[in-house]
Amino acid sequence: MAAIGRNHGTAMATTLLQKLTGFSNFGSSTRSLSGAVSSEVITSHTAKWMQDTSKKSPMELINEVPPIKVEGRIVACEGDTNPALGHPIEFICLDLEAPAVCKYCGLRYVQDHHHH
């Protein structure tokens, strides 16, 4: 019974994608949508974004954020205080002296070694 529901859901998703993208042949698998958006569109969008030197790149912006000091040895990074804007939780160990970097968002964390 679950397979029937899944197949029906897949068919509905395929129909919706066809209507939204105008692309009618998704092949046997709807998991890969690489053919739905042409590489030409992606390339031109990226080239246009890279030409605008007045804006900083995402890496430049995240590097401007100073490392976040944490009291414990482990920090749980979610990327944002709003879960809808964040990423999956990554638990980061802070045993090293160098700042630890979140693999999802690039935020840096260091252990705060203050003594009372």
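What share of the contacts in the protein chain with a separation of 6 or more comes from residues 24 or more positions apart? The figure is 34%, and I should say at once that it is computed from a predicted model, as is everything else I will go through this morning.

Let me begin with the overall layout. The protein chain has 3 helices and 5 strands, and, read along the sequence, these elements follow the pattern α-α-α-β-β-β-β-β. Of its 116 residues, 15% count as buried, while the chain exposes about 9400 Å², with carbon and sulfur atoms supplying 59% of that area.

Turning to the interior, the largest nonpolar core has 10 residues, and among them are Ile62, Val70, Val75, Cys77, Ile92 and Leu107. If we take Ile62 and leave aside its neighbours within four places in sequence, we find it in contact with Cys105, Gly106, Leu107 and Arg108; of these partners, Leu107 is itself a member of the core.

Next, the loop between β2, residues 74-77, and β3, residues 90-93, which holds His87. Is His87 buried or exposed? His87 counts as buried, because its relative accessibility is 17% and the cut-off for buried is under 20%. The side chain of His87 reaches the backbone nitrogen of Gly79 at 3.2 Å, and, again without neighbours within four places in sequence, His87 is in contact with Cys77, Glu78, Gly79, Cys102, Tyr104 and Cys105. Two of those residues, Cys77 and Cys102, also appear in the nonpolar core.

The loop between β2 and β3 also contains Ile89, but this residue is partly exposed, with a relative accessible area of 44%. Together with Ile74 and Phe91, Ile89 forms a nonpolar patch on the surface, and the three have about 320 Å² of accessible area together.

Finally, the charged pairs. How many salt bridges does a search of the whole structure find? The search finds 2. In one, the side chains of Lys56 and Glu64 meet, with an N to O distance of 2.2 Å; Lys56 counts as partly exposed at 44% relative accessibility, and Glu64 is likewise partly exposed, at 48%. In the other, Asp95 pairs with Arg73, the closest N and O atoms being 2.7 Å apart. This pair links distant parts of the chain, since Asp95 sits in the loop between β3 and β4 and Arg73 in the loop between β1 and β2, 22 residues apart. Asp95, at 44% relative accessibility, counts as partly exposed, and so does Arg73, at 47%.

Definitions and conventions
Residues are numbered from 1 along each chain as its sequence is written. This is a predicted model: local features need pLDDT of at least 70, side-chain atom pairs count only at pLDDT 80 or more; totals for chains, interfaces and linings use all residues. Side-chain values use heavy atoms; hydrogens and water are left out. A nonpolar core is a set of buried Ala, Val, Leu, Ile, Met, Phe, Trp, Tyr and Cys residues joined through side-chain atoms within 4.5 Å. Buried means under 20% relative accessible area, exposed over 50%, partly exposed in between (1.4 Å probe, protein chains only). Contact means heavy atoms within 4.5 Å. Helices (H or I, at least four residues) and strands (E, at least two) are DSSP runs, numbered from the N terminus. Accessible areas come from the Shrake-Rupley method with a 1.4 Å probe; for residues, only the protein chains shown count as cover. A polar contact is a pair of N or O atoms within 3.5 Å; within protein, one must be able to donate a hydrogen and the other to accept it, and residues adjacent in sequence count only if both atoms are side-chain atoms. Patches are made of residues with over 30% relative accessible area and no salt bridge: like charges are joined within 9 Å, nonpolar side chains (Val, Leu, Ile, Met, Phe, Trp, Tyr) within 5 Å. A salt bridge is a side-chain nitrogen of Lys or Arg within 4 Å of a carboxyl oxygen of Asp or Glu.
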